[in-house]
Amino acid sequence: MDSNTLVICGHGMVAQRLLEQLHDGGHPFSRIVVLGAEPDAAYNRVLLSSVLAGDATLDQIRLKEDSWFDAAGIERHYGDPVTGIDRDNKQVETASGQSFGYDTLVLATGARPAPLGIDGENLDGVLSFRDLRDTRRLIELSQRYGRAVVIGGGFLGLEAAEGLRCRGMAVTVLHRNPYLLNRQLDTTGSQLLADSLEERGLSIRTGHSPAALLGKRCVRAVQLDDDTLISTDLVITAAGITPNAELAREAGLECGRGVRVDRQLRSSDPAIYALGECCEIDGHTFGLVDPGYQQAQVLADVLRDHASDQTFQSASQPTRLKISGIPIFSCGQTDADGPTESIVWHDYEQNRYCRLLLSDGRLVGTVLFGDTTDGPWYAEQIQLGHDITPWRANLAFGPEYCEQAA
């Protein structure tokens, strides 16, 4: 085994960001090995919907060319997932039977779609939308079929729905919560999003859950919890994720829903770290890429210097999304509680919306729809916790007006 070897299991967006942070800032490893389960190098999953819609190609969403890895001296093995970790001998084994020794191991194994737990989810025509393989399959099927139901009104579900709509399919989005993106938006922002998507041709059904998927061999309909039937040719499930923690669990690492790590991403084995969708910090797991990027920055500092005091702070992590080209931003609270006040600004003509939540003279939450330019500044104010009373009258109009008021 080479001296001081880093092995990374998984090569998604967060693992790639870790590699870039290590490369740009320097690192102590004599060998870096990346073991990816997918047959492709890291690509921008956020843009899978653009590939599905026909607006982008694989080459356009690839994060780095082979020449970058070659120049950085990073060894890659794709389509060969890690199947076991031997912690005593510090080795991992892959599905093809290869073994790789490590001094430091990073788990970036991601997550998979959560099962629906209803009858019929194993029928043909029931698919997920998580990776390039799913995307290619959906493109193929969209050329043969005309109707689809997407179960889940989160980011992935809405992006899958819009991509299939762009392919000419009639698409219904089914979401059990009364509001789309209910974790990121308030009720007004969610309704604005639903209205915008319906104007584009999507059918939105909220406040209902699927009770069963019907069909003999292929799915033919979705039965709702009120016994309504929606006829369909395809069902795409996007109702939550399950962290891929089995590898860690079988190796005896402490796990909950994900691989339990501290705020420096260190697992119960000091030689093994985890980040991204597969990890769990203080009981929380992470389904969006921004927290993973921040974890990658912290972990790069820790791997570079074990005495680093850098830690991941999960509180008030901002969410920045584009749903079918519509920019959305949220940070902190999205709904008022007892002592919270709201400042609301709504431009009906431009379909732009801003809600700011204040408590004791401090900004504690923000929701932006249609124009998110000032989002990072609001997030900074939430983090700083300064008294914004002198700016209150101008707060909804952004930093320029607040600076003038100051």
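This passage describes a parallel sheet, the helices that pack on it, and a set of aromatic contacts in a predicted model.

The sheet is open and contains 5 strands. Their order is β9-β16-β10-β11-β12, and the pairing is parallel. Strands β9 (126–128) and β12 (203–206) form the edges, each pairing on one side only. From one strand to the next, the twist averages 25 degrees. Within the sheet, strand β10 (residues 147–151) runs parallel to strand β16 (residues 234–237). The two strands are joined by 4 bridges. Here V150 of the model stands opposite I236 in β16.

Two helices were examined against these strands. Helix α5 (residues 132–142) packs on the sheet and touches β9 and β16. The direction of α5 makes about 140 degrees with that of β9. Helix α6 (residues 155–166) lies across β10, β11 (170–175) and β16. Relative to β11, helix α6 runs at about 170 degrees.

Aromatic contacts were considered next. A search of the whole structure returns 5 aromatic pairs. In one pair, the ring centres of W68 and F69 are 5.1 Å apart. The planes of W68 and F69 stand at 90 degrees, so the pair is edge-to-face; the cut-off for that class is over 60 degrees. Both W68 and F69 are buried. Elsewhere, W377, Y378 and W391 are linked by ring pairs into a cluster.

A charged side chain also meets a ring. R17 lies over the face of Y293. The distance from R17 to the ring centre is 3.6 Å.

How values were computed:
Residues are numbered from 1 along each chain as its sequence is written. This is a predicted model: local features need pLDDT of at least 70, side-chain atom pairs count only at pLDDT 80 or more; totals for chains, interfaces and linings use all residues. Side-chain values use heavy atoms; hydrogens and water are left out. Two strands pair if DSSP finds at least two bridges between them. Axes are lines fitted to C-alpha atoms, for helices over the stretch in contact, and angles run from 0 to 180 degrees between N-to-C directions. Contact means heavy atoms within 4.5 Å. Rings of Phe, Tyr and Trp (its six-membered ring) pair if their centres lie within 6.5 Å; planes under 30 degrees apart count as stacked, over 60 as edge-to-face and the rest as tilted. Buried means under 20% relative accessible area, exposed over 50%, partly exposed in between (1.4 Å probe, protein chains only). A charge sits over a ring if NZ of Lys or CZ of Arg is within 6 Å of the ring centre and within 35 degrees of the ring normal.
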